[in-house]
Each structure stands twice: as C-alpha cells, then as structure tokens.
Amino acid sequence: MAYEIEQLPPDRIGEVEGLWGQLLAHHTWVAPELAAIGAVRPAAESWRIRRGQYGTWLAEPGAAALVARGPAGLLGYAVVRVVDAPGSWQWGDRSGVLETLVVDEAARSTGVGLALLAEARRRAAEQGARILKISVLAANERALRFYRREGAVDFVHTLVLPLTTA
C-alpha cells in the first residue's frame, strides 16, 4: 500500500474526524462494559471535545498531528507532543505523549500504524524525550499487542471507579 507520512497543519485537523469516529466506534466495541459507568457520547459531541483538545495540544511547541495519506485519502493519523515530566525514573525531564494513533479499518496490518508510530517516536526523541507514554483501553488487546511488539512495557494502570452521590 502506497502512502506518505506528513504533518497536518493544526487548522486542518478537521480532516481526521472520520478516523476519530472509527476509533470511538472501536473503543465502544472492545469495551462495552464501560457503558455500565456511563453512556458513550454521541460521535459529534466526542469529536467536538477531542478537536478542542487537539487545538490546545497542537498550539504547544513541537506538538504534531501526523497523517498517513494514500492515493485515496487519509489512512491514519497520530497526535504526539512532548511535555515536561521529571519523575522518579531517570528518563530525562521531557516525555513524549502519544495522544492518539488510529488507522483506517481498510489499512490495518499494512504498516501504516508502524510508520505513524515511528515518526511520532522520531519527533519526540528529536525534542529530548527518552520515552513515549501511550494510553490504551485495557480491553483493546490488539493495540496492546501492537505497542508491546514495538517494545512498550506496562507502566501505570489507570482504574475508573464510579462514584455515587449522597
């Protein structure tokens, strides 16, 4: 499959809305148990919120929206940024954060995800990051296997605890 990885200007982030919708649908499918805590937001509302987050993140120096573009259009995208993150481990004072990586259903298993991840890693390392933090839904076994094959290791487990009001 032919494609090129390029940086998407922040004012064109709306081009990835359809891919965000695919990711939302996938998350809903792999983690239906989360609906017991609260319903999934409608796709338009979810995109509005995520688009706002992207706007904030992409205004930071060095943050990037990367897209894989083929002859027929977008095949996937990743959003990466580097943040100040001194911590207990000697990983340096800057950490990369992979905010999103999604590949179009029709382009999965073609190397698009690997290429996006490689470019995100390269950009984070260029800015002094020595690690890349990646959040994955616990039930998303395919994504966990993908990142582990690339050398990612478990670090933090985030739990969601429903609260009741008295």
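This briefing walks through a helix, a set of strands and one residue of the model above. The structure is a predicted model: local features need pLDDT of at least 70, side-chain atom pairs count only at pLDDT 80 or more, and totals for chains, interfaces and linings use all residues. Residues are numbered from 1 along each chain as its sequence is written, and side-chain values use heavy atoms, with hydrogens and water left out. Helices (H or I, at least four residues) and strands (E, at least two) are DSSP runs numbered from the N terminus.

**Helix H1**
- H1 covers residues 17-30, and its end C-alpha atoms lie 20 Å apart; this agrees with the expected 20 Å, because 14 residues are taken at 1.5 Å a residue (1.5 Å times one less than the number of residues).
- Among its buried residues are Leu19, Trp20 and Leu23 (buried means under 20% relative accessible area, with a 1.4 Å probe and protein chains only).
- The cover over the buried residues of H1 includes helix H2 (43-58), strand E3 (73-84) and strand E4 (94-103).

**Strands**
- E3 and E4 pair in the antiparallel sense over nine bridges (pairing takes at least two DSSP bridges), and Val82 stands opposite Gly96 in E4.
- E4 also pairs with strand E5 (residues 132-134), in the parallel sense over three bridges, with Leu98 opposite Ile134 in E5.
- Eight of the ten residues of E4 are buried.

**Leu74**
- Leu74 sits in strand E3.
- Beyond its neighbours within four places in sequence, Leu74 is in contact with Glu15, Val16, Leu19, Val67, Ala68 and Arg69 (contact means heavy atoms within 4.5 Å).

Notes:
Buried < 20%, exposed > 50% of the residue type's maximum accessible area, 1.4 Å probe, protein only.
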